[in-house]
Structures are given as structure tokens and as C-alpha cells.
Amino acid sequence: MRIDEVDGLRIATFGTGPRTIIAVHGITASLMAWAAAGRRLPDGWSLVAMDLRGRGHSASLPGPYGLPRHVEDVLRVADHVGAGQEAVLTGHSMGAYVAALAAARRPFARVVLVDGGIPLPPLPGDTDPDTALEALLGPALARLRQTFPSAEAYVDFFRAHPAFAGRWNDDVEAYARYDLTGPEGALRSRAVAEAVAQDGRWLHVEREAVGAALEAIKAPLHLLRAPRGLLDQPVGMLPDDLVRPWAERLPGLRDEVVPDCNHYTILFDERCVTTVVDRLTAPA
């Protein structure tokens, strides 16, 4: 993993090949969400991931946040590393929505949306977007409000997450440890709570913008879905009834469910992440 920086955004590059993947992480995540994929690249490929504004080692970058701001940052990184029309663009969870918006702005060879990118269902009645985000993310949001006495306590908090029960590995631990900041005795997540809140609101209230972006993408579009959800519940974040209308509306969309993984382990479980890497690097 080679570290670089662009205008305060931390960038990590995995692999040394001339073919480039630009990878975008989720709403409370970091570039380490892509480390397992980066280590499994075939020869001839490299993967460039960044800490989004308000996360990881880019946490100090100021708002406003919101997905259009992340799109600007992602395209700036792509330009910095010389990723042209031959590059692949991918994103996981919220990062998939950022990727969709970015791919509507400029051409890529392929766009791979990993358990995200399909407009969320409309909020019922007068449901507050912040309340909806709390219900969706659960422990991921809870950790932003907590401090931890030690790195081990923070790792134990992650280890107790339902998504990782029986699925813990070194990649998940490295991901958790990378997220830590603060003094011993009062450690906390690097993710900025207000950045997460602003981005979550955007996702819920700008559904039409996401749909318009999907329809504007010219590149081959591949959706990889986890059959299980953020808490390992049996219904995934993108269930069939949510995706089906978009698969019919977008004839170029390839929809694929990756078996036996949840919203998180699709990027950490060896078998699941191998499938993701294969779809990212498959011949056109």
C-alpha cells in the first residue's frame, strides 16, 4: 500500500499495474475497506482508494459534505493518478452512489456498484432522514458517539458487530485499527459525525438525482449485491423488489447477487472479495 495525498485527501494505491481501478468507500468507512481487494489484484492492475472528506485521514477536510462534494474529490483523485476513460470505477455502499454520480459526469471503461447505487425507497410519511439513517446504520453510527479506553476495546466493539460474528479476520481488524484516533483512554472513530449525517440526508432526499445519474451512465454497469444486510439480517440492503424495476429500466445493468455474504463481508470475506475483484478486472 503506497500513500499519497491530493489537496488534503489521503490516497492509497495497491498494485503496480497500468490498468487502474478507482474505489470509493462507504458512509462511515475508510480506504481500508478496499485493502483486501487491493491485495488480490491480478497482474497488470492497480487499485486507488481514498479516504473521503470527513473520514479516515481526510477527516480534517472541511464541509460542506454531501455526495456531489465527494464526486468532485473522486474525480480530482482520478485526474491526479492519470485514470482516463480506460479506468474502472467502483464504490461500496454510499461509495456506490458517489461512483454512479461520478460516472454520469465522465466516461469510464466499467462501473461496478457494490451493494449500493440503487435509489433508496422513499421515506414513509414525514419520517425524518436522520431517524431513517439511524435505523439503517445501527452500530456504525453508535460508534461515532463513543470513546474507547484502548485500541483493544475498539476492536472488541467491531468484533461484536453482528455482521462480523464468526467472520472476523485480519482485514477487518486492520480496518478497525486504521479508523482510530485520539488520546489513549479516549479513543474514537476518525469519521466526522456531521459528515455522515449530511451524506445520509442527501441519500434519502436526492433519490431522483441518483436515478438520473444511473440513466446517464454510458459505461457497462455491474451491480454486485449481498443477500444479507448490514446487521447480517436475511434481507439485504438492496432487496430484489427494490432492484428489479431498475434492472428493467436500465437494459445495460448486470445485476448479480454474491452468495453467502452480508453488506460488510462482501469486501472482507475471502470468497466474496475474490468475486468482487474478478468482476472489476474481467475482460471487457
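**Note on the predicted model**

1. Start with D260. At 64% relative accessibility, D260 counts as exposed, because the cut-off for exposed is over 50%. This is a predicted model. D260 sits in the loop between β10 and α11. Its phi is positive, about 60 degrees, although D260 is not a glycine.

2. Compare D115. This residue also is not a glycine, yet has a positive phi of about 50 degrees. D115 lies in the loop between β6 and α4 (129–137). Is D115 buried or exposed? D115 is buried, with a relative accessible area of 0%. Against that, D260 is exposed.

3. Now the sheet. What is the strand order? The sheet is open, has eight strands and runs β1-β2-β4-β3-β5-β6-β9-β10. Pairing is mixed. β1 (2–6) and β10 stand at the edges. Each has a single partner strand, so one side of each lacks a neighbour in the sheet. From one strand to the next, the twist averages 20 degrees.

4. Look at the β5–β6 pair. Strand β5 (residues 88–92) and strand β6 (residues 110–114) run parallel, joined by five bridges. In general, strands of a sheet pair through backbone hydrogen bonds, either parallel or antiparallel. L89 has V111 as its bridge partner in β6. H92 has V114 as its bridge partner in β6.

5. Stay with β6. Why is β6 described as largely enclosed by the rest of the structure? Five of its five residues are buried, so the description follows. In a regular strand, side chains alternate between the two faces of the sheet. Here R110, V112 and V114 point one way from β6, and V111 and L113 point the other way. All of these are buried, R110 included.

6. The loop between β4 (45–50) and α2 (67–80) deserves a look. R53 is found there. R53 has 6% relative accessibility and so counts as buried, since buried means under 20%. The C-alpha atoms of R53 and A191 are separated by 9.1 Å. Along the chain, R53 and A191 are 138 residues apart. P64 is in the loop between β4 and α2 as well. The peptide bond from G63 to P64 is cis, with omega near 5 degrees.

7. Aromatic contacts come next. How many aromatic pairs are there? The count comes to eight aromatic pairs. One of them joins F164 and Y264, with ring centres 5.7 Å apart. Their planes are at 50 degrees, so the pair is tilted, because tilted covers what is neither under 30 degrees nor over 60. F164 lies in the loop between α6 (151–159) and α7 (170–178). Y264 lies in the loop between β10 (253–257) and α11 (270–281). The pair therefore ties together parts that are 100 residues apart in sequence. Both F164 and Y264 are buried.

8. F164 and Y264 also belong to one aromatic cluster. Its other members are F148, Y154, F157, F158, W168, Y175 and F268.

9. Last, the cavities. There are three of 30 Å³ or more. The largest has a volume of about 130 Å³. Which residues lie nearest its centre? They are G26, A29, H92, H263 and Y264, from a lining of 14 residues. What is the character of that lining? Nine residues are nonpolar, five are polar and none is charged. Two names recur here. H92 is bridged to V114 of β6, and Y264 pairs with F164.

Conventions
Residues are numbered from 1 along each chain as its sequence is written. This is a predicted model: local features need pLDDT of at least 70, side-chain atom pairs count only at pLDDT 80 or more; totals for chains, interfaces and linings use all residues. Side-chain values use heavy atoms; hydrogens and water are left out. Rings of Phe, Tyr and Trp (its six-membered ring) pair if their centres lie within 6.5 Å; planes under 30 degrees apart count as stacked, over 60 as edge-to-face and the rest as tilted. Helices (H or I, at least four residues) and strands (E, at least two) are DSSP runs, numbered from the N terminus. Buried means under 20% relative accessible area, exposed over 50%, partly exposed in between (1.4 Å probe, protein chains only). On a 1 Å grid over the protein atoms alone, a cavity is a set of points where a 1.4 Å probe fits but cannot get out, and a pocket is an open set with protein on both sides within 12 Å along at least five of seven lines; lining residues have an atom within 4 Å of a point. Grid points are joined across faces, edges and corners, and a volume is the space filled by probe spheres set on the points. Ala, Val, Leu, Ile, Met, Phe, Trp, Tyr, Cys and Pro count as nonpolar, Asp, Glu, Lys and Arg as charged, and the others, Gly among them, as polar. Two strands pair if DSSP finds at least two bridges between them. Axes are lines fitted to C-alpha atoms, for helices over the stretch in contact, and angles run from 0 to 180 degrees between N-to-C directions.
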